[in-house]
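Visitor: I would like a close look at one part of this model. Take a single strand, and then follow its surroundings outward.

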Amino acid sequence: MRIKLQTPSGSSIVTLPASATVGDLLSCISEQMRGQRFETKFGFPPKALRLDTLPRSKPLAELDERLDGGQLLVSLKDGGHADGDVDNGAAAEGGKSGVGTADIKAPVAKRPTLQSS
């Protein structure tokens, strides 16, 4: 089973055996993220993939999502500080987090006003 991981530091392809479990995938992602807290998204449009809610012993082949040949978007969660808690997806599901993309306001240039003579 091959899964492309798109992380803040770049992309990589993880190869797991057909018998791989959720725990195996979480370990691979944690290694790529160097122990930082993360959240995962899958599909198009990307939707939260809550791996933390699944039993670590559950085979990946039994998931509703077909991960083999797919891509997981992995992003830092709540500043990404490592605290031993791999809570992936709470921010995407409405949980409390740091600044989200909806909270970022881009500066808007004012249009010049035309004065009629």
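Guide: A strand here is a DSSP run of E with at least two residues, and strands are numbered from the N terminus. The model is predicted. Our strand is S3, residues 38–42.

Start with Phe 38, which is found in strand S3. Is Phe 38 buried or exposed? Buried means under 20% relative accessible area. Phe 38 has 0% relative accessibility, so the residue counts as buried. Its bridge partner in S5 is Leu 76. Now look across to Thr 7. The C-alpha atoms of Phe 38 and Thr 7 are separated by 9.5 Å. Along the chain, these two residues are 31 residues apart.

Next, the strand's place in the sheet. The sheet is open and has 5 strands. Read across, their order is S2-S1-S5-S3-S4. The pairing is mixed. S2 and strand S4 (47–48) are the edge strands, and each of them pairs on one side only. Strands of a sheet pair through backbone hydrogen bonds, in either a parallel or an antiparallel sense.

Take the two sides of S3 in turn. On one side, S3 and S5 run antiparallel and are joined by 5 bridges. On the other, S3 pairs with S4, also in the antiparallel sense, over 2 bridges. Phe 42 belongs to this pairing: its bridge partner in S4 is Lys 47.

Go one strand further, past S5. S1 and S5 pair in the parallel sense, over 3 bridges. One residue pair to find there is Leu 5 with Leu 72, its bridge partner in S5.

Now the helix. H1 packs on the sheet and touches S1, S2, S3 and S5. The direction of H1 makes about 120 degrees with that of S3. Which residues of H1 are buried? They are Val 22, Gly 23, Leu 25, Leu 26 and Ile 29. These buried residues cover an arc of only 160 degrees around the axis, so they sit on the same side of H1. Strand S1 (2–7), strand S3 (38–42) and strand S5 (71–76) are included in what covers them. Our strand is therefore among the elements covering a one-sided set of buried helix residues.

Both ends of H1 deserve a stop. Before the helix, Thr 21 is found in the loop between strand S2 (10–15) and helix H1 (22–32). Thr 21 has a relative accessible area of 17%, so it is buried. A polar atom of the Thr 21 side chain lies 3.2 Å from the backbone oxygen of Arg 56. Leave aside neighbours within four places in sequence, and Thr 21 is in contact with Arg 56, Ser 57, Lys 58, Pro 59 and Leu 60. Just after H1, Arg 34 takes a positive phi of about 55 degrees.

Finally, the charged pair. The count of salt bridges comes to 1. The side chains of Asp 52 and Arg 50 meet in a salt bridge, at 3.0 Å from N to O. How accessible are these two residues? Asp 52 is at 28% relative accessibility, so it counts as partly exposed. Arg 50 has a relative accessible area of 24%, and it too is partly exposed.

Back to where we began. Phe 38 is buried, and S3 pairs with S5 by 5 bridges and with S4 by 2. H1 touches S3 while packing on the sheet.

Note on methods:
Residues numbered from 1 in each chain as written. Predicted model: local features only at pLDDT ≥ 70, side-chain atom pairs only at ≥ 80, totals over all residues. Heavy atoms only, no water. Helix = DSSP H or I, 4+ residues; strand = E, 2+ residues; numbered from the N terminus. Buried < 20%, exposed > 50% of the residue type's maximum accessible area, 1.4 Å probe, protein only. Polar contact = N/O pair within 3.5 Å; in protein donor to acceptor, adjacent residues only side chain to side chain. Contact = heavy atoms within 4.5 Å. Arc of directions from axis to C-beta. Pairing = 2+ DSSP bridges. Axes fitted to C-alpha atoms, helices over the stretch in contact; angles between N-to-C directions. Salt bridge = Lys/Arg side-chain N within 4 Å of Asp/Glu carboxyl O.
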